[in-house]
Amino acid sequence: MPRRRVFNPLTELLAAALLVVLVLVVNTWQFSLAVLVAAVVPGVLFSGKPRQIALAIAVTAGPLLVSSFLLHGLFFPEGTTVLAEWGPARVTAEGLQFAALTGLRLAVFTGVLLTAALTVSIPELVSTLTHRGWNRRLVFVVGSAVGLLPHVAERSRQITRAQQARGLVVGGSVPSRVRGLLMVSVPLVTGLLIDAAERTQLLEARGFSSPGPRTSYLPDTDTAGQRTARWLMAAGVLGFACAWYAVGAGR
Amino acid sequence: MSSPLTLPATKAARPRTALVAVGAALIAATYLYLVLVQPAEIAEGIGGTSSLITLFGFLGGGALLVAGILPSLSTSSLVLMPLGIALNIAIGQTAGSLGLQIYLDAIGTVLVAVLAGPAAGAATGALSNAIWGLFNPLALPFAAGAALIGLLAGTAARYGMFRRVYLAPVAGLVVGAFGGLVAAPVAAFMFGAAGTVGTNALVAAFRAVGDSLLVAATKQGLTSDTIDKLVVFTLVALLAYALPRRSRAQFPFLRRYRVLAGRTGSAIGR
Amino acid sequence: MIRLECSSFAYDGGPVVLSGVDLAVEPGTLVHVVGPSGSGKTTLARLLAGQTGAGNGAQFRGALTLGGDRLEFTGGPGDPRIDPAAWSSTVAYAAQRTEGQLSMMSATVAEEIAFGPANRGMPAGELRAAVQATAARLGLTDLLNRDPRRLSGGQLRRTIIAAAVVGNPRVLILDEPFQGLDADARAEVARTLEVLRAAGTALVICAPMLPGAAPGHSRVLALVSGRPVSDGTLGQARTAGLGRYAIGTEGSAPVVLPDPPQGWAAPAAAPGVSVKAGGPLAELAGVSFSYRGEGARGQAEVLRGVDLRVDPGDIVGLTGANGSGKSTLLQHLNGLLRASSGTVTVAGRPLGRRTATGRLAGAVGFLFQDTDQQLFERTVLREVAYGPAAAGAGREAAQERARTALAAVGLGHAAGEHPYELGFVERRLVAFASLIASGPAVWVLDEPTAGLDLRGRNRVGELLLGHAAAGGAVVLATHDEAFADALCTRVLELKDGRILSGGARRGAGGA
């Protein structure tokens, strides 16, 4: 299935962030639920990789939801309406309500941001930031960190195998685990630092410290319309928040 | 000498102090506001307002810090940052999925702080959580706390806490306590203090004796963050001492403040 | 064009690593800088590239002249600081380690090549044209949309070269551009370099050995221990007797002494390993293997029904193109990979699903292609002693075996050094010593001679013969045909996961 790509990454990420802000401003369970059903679920379904994103959301938010219910459902000293009681643990209506509210918000927070982030193409984001004239150092750190991630994972896998071949047995007692961790991390970090030293020279030689704006090989997928839309969205959410709080304060 | 092939005499780029100061002040103000003003509200559910303030105060403050620090860093510090960030995320993701009481997601930040100094450490911490937010949004609001860890770790390194391997865990303990204090309101006001199985058990225990959510989260932070940073600082000290001399030689910070005991620091004090 | 006069260069107040060099590179010429590991080649390459190490504690005394500009260095703080960006627009540099040569922020080869000009603010249209022109010139057009982190060794080298020359520099410095490449990839890189040279770019190529095939008029500067020992044409260098400095010629047969080298003690048969008399040390029977879950082409079989029997005294060479399954086959011998079907027997016992790889280290020793994936101790001695210590030998006994193994590889003097502070060849030999110290009966070696200098290569050859003579066995994957022909009792060719030819006994051991 082809990857969904409708807007520029910057527009998509900003829209997601503003949606989160809206949820926090409105702060009612009805609105949170509405966003979950009307925005997150379709967003995941039409993302082009629904299973992967749903799994990521479940893995990230799931344990937190469960622990939230356990924590507040059983231990909520502020609660007065006691539904059940076992020793120090008290199930209170207030606690359950609190857990539900927090949990729902958590789910929206994770769902919105992950759906946006996981459908965004990082190279395109990096190129857009370059085209928009963001600080080249910031763009380098972001792009290079994301680019290094698979490299670091792959290298640590290879190093683990190399150390197994010479007698490292994974697992066992705590001291042997610590030793195993060092056997993998010392060659990993040393290798990465030696590479970093060469990359420093490379960046200098490739004119990274040049003054003036950087350009990008990838075409600019951003449009004037989207740029205007971003400002309008941000202004709209800001205006809405001000109005909401003004009305709330007047009540 | 004005050859087109040479650089003019060094003019060290200075951090943009105003931005850094505003960022730090914003973070401090957010923290004070949350701790002093909000706890009363929590009984009837977490206010959206306190979440918003947490998010904007800590993220905005972190962004200002990064904006102030980034232009002043040398290229070698800059190249180190993505490496620290990738290590944070790779190790933090693994530790998180194992459900440990400790997170180990600051190894890269502390490593950068020890090799390149507090400013690089702070920027690494903040950016690390921002980038991690792309894969795990829950990391996002903790950016300011991560920046503080990097800043304090670099400062500890500058004043010799890594010159002896046994001093590093002590520094980790102290830094962890500060980190726990800053992270607690984020955990409480953003996520209702829910975390991994290990941290949750702690919060539950404190709640069971009647603590408020913020106090319970703070106590939990003080417990697990200190242990976590103790382990992280020890690991980083072991890693730093295992580095070959030529790798260490590329970091002027190590040289200038004699961060690590032994051969590197003492050689030619120019 | 460019001239380096180096009266001395030292790191951090340490010993002088390069001195007495005066090298001028004229436009369009080809200069080979050859020398064994630790001879100062990399230092020389970096100096030519304008990296004088100021700020990293290095002291360079001498001068660099580029075009009409002469810069003098006294090793003090008042030295000129070279602007790397300006320097590299005339003199480009491709360093030895490939990973450090990628910006890591490019998702495609095209972006990586565009990195330099983009940093200098070249407008988008010109940028595309420049990248495409360079790619077309160097035959990289098909690779432009590939991920630079997932290229083969030769493709990666060519990408790095393309990224270095996209700004049309007049000189290109290459530090060991052929390291770790097989014959085909070498030829690809060599063709790329020839294209550049024909277009007038001067090339300086640093390598451990004299080139096997190169224009006879190209210039050769030979370095030994940081000093030039020979400077002339390739023809002169070939007859200058550089062999006495351990500088050989690519593709020549190793010189192996018939007697075991001095200090060499045959490893006792691996402790705790009982071998049935007359039985094979290791055996693969009908082994097939496919990697699971690697995208759409996941089910392709890498090995298809391989039979291999390794007896005491065998030195089995595996040859074949990249991707023919050599490494995969090797990794079955110590349980790093488990056969999808068929059986693997090591030391008389079939490998079960649950035999931990770490537990086999005493029976099968494995040398990986990339040594730097395993060194983790702070001294060479502790590094080499790890294997025997992990296998349960006492501290003293482990160190004793480590010392013996270090002496066997010729590194007895380096026991107290930090492994990463040694040169490439020494690091490789440290890894080899680690293998020997564990006393396994079967040695499994992945490209044992890649990147070695003449002395290292000969030493490895002697160790293999010694081990086989003492009743052990060796299985090695190699692209070094001369080495395999001279030493192996059997050379097997792999193609598409099958053993094509084999069994023909040849070479020294079979005579």
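In this predicted model, helix α6(B) is followed by Gly160(B), a residue whose phi is positive, near 90 degrees. The helix itself covers residues 143-158 of chain B, and its length can be checked with simple arithmetic: at 1.5 Å a residue, its 16 residues should span 22 Å, and the end C-alpha atoms are 23 Å apart, which agrees. The surroundings of α6(B) are just as easy to describe, since 14 of its 16 residues are buried, so the helix is largely enclosed by the rest of the structure.

Chain C offers a hairpin to look at next. Strand β5 (residues 58-66) of chain C runs antiparallel to strand β6 (residues 69-74) of chain C, and 6 bridges join the two. Within this pairing, Thr65(C) stands opposite Arg70(C) of β6(C). The hairpin formed by β5(C) and β6(C) leaves 2 residues between the strands, and Gly67(C) in the turn has a positive phi of about 60 degrees.

From the hairpin it is a short step to the contact between chains C and B. Chain C gives 21 residues to this contact and chain B gives 17 residues. On the side of chain C that touches chain B, at least two residues come from each of β6, β7 (81-82) and α2 (84-88). By residue class, that side of chain C holds 10 nonpolar, 5 polar and 6 charged residues. Strand pairing also crosses between these chains: strand β1 (residues 6-7) of chain B pairs with β7(C) in the antiparallel sense, over 2 bridges. Here Thr6(B) has Ile82(C), in β7(C), as its bridge partner.

Chain A has 8 helices and 2 strands. Read from the N terminus on, its elements follow the order α-α-α-β-β-α-α-α-α-α. For the overall form of the chain, a helpful reference is a compact globule of 251 residues, which would have a radius of gyration near 18 Å, but chain A has 24 Å. Along the principal axes, the C-alpha trace of chain A spans about 65 × 60 × 35 Å. Of the 251 residues in this chain, 47% count as buried. Among contacts in chain A that link residues at least 6 apart in sequence, 71% join residues at least 24 apart.

The domain assignment divides chain A into domain 1 (9-120 + 223-250) and domain 2 (134-205). Taken over C-alpha atoms, the centres of domain 1 and domain 2 of chain A are separated by 35 Å.

Chain A also meets chain C, with 46 residues of chain A in contact with 50 residues of chain C. On the chain A side of this contact, α5 (122-131), α6 (136-165) and α7 (174-205) each supply at least two residues. The residues on that side comprise 21 nonpolar, 17 polar and 8 charged.

A single residue rounds off the picture of chain A. Val141(A) lies in helix α6 of chain A. With 28 C-beta neighbours inside 10 Å, Val141(A) counts as buried, because the threshold is 20 or more. Once neighbours within four places in sequence are left aside, Val141(A) is in contact with Leu78(B), Met81(B), Pro82(B) and Leu127(B). By comparison, Glu94(A) is 47 residues from Val141(A) in sequence, and the C-alpha atoms of the two are 45 Å apart in space.

How values were computed
Residues numbered from 1 in each chain as written. Chains lettered and ligands numbered in written order. Predicted model: local features only at pLDDT ≥ 70, side-chain atom pairs only at ≥ 80, totals over all residues. Helix = DSSP H or I, 4+ residues; strand = E, 2+ residues; numbered from the N terminus. Expected span 1.5 Å × (residues − 1). Buried ≥ 20, exposed ≤ 12 C-beta atoms within 10 Å, placed from the backbone. Pairing = 2+ DSSP bridges. Contact = placed C-beta atoms within 7 Å. Nonpolar A, V, L, I, M, F, W, Y, C, P; charged D, E, K, R; others polar. Rg over C-alpha atoms; globule rule 2.2 N^0.38 Å. Domains from an automatic or database assignment.
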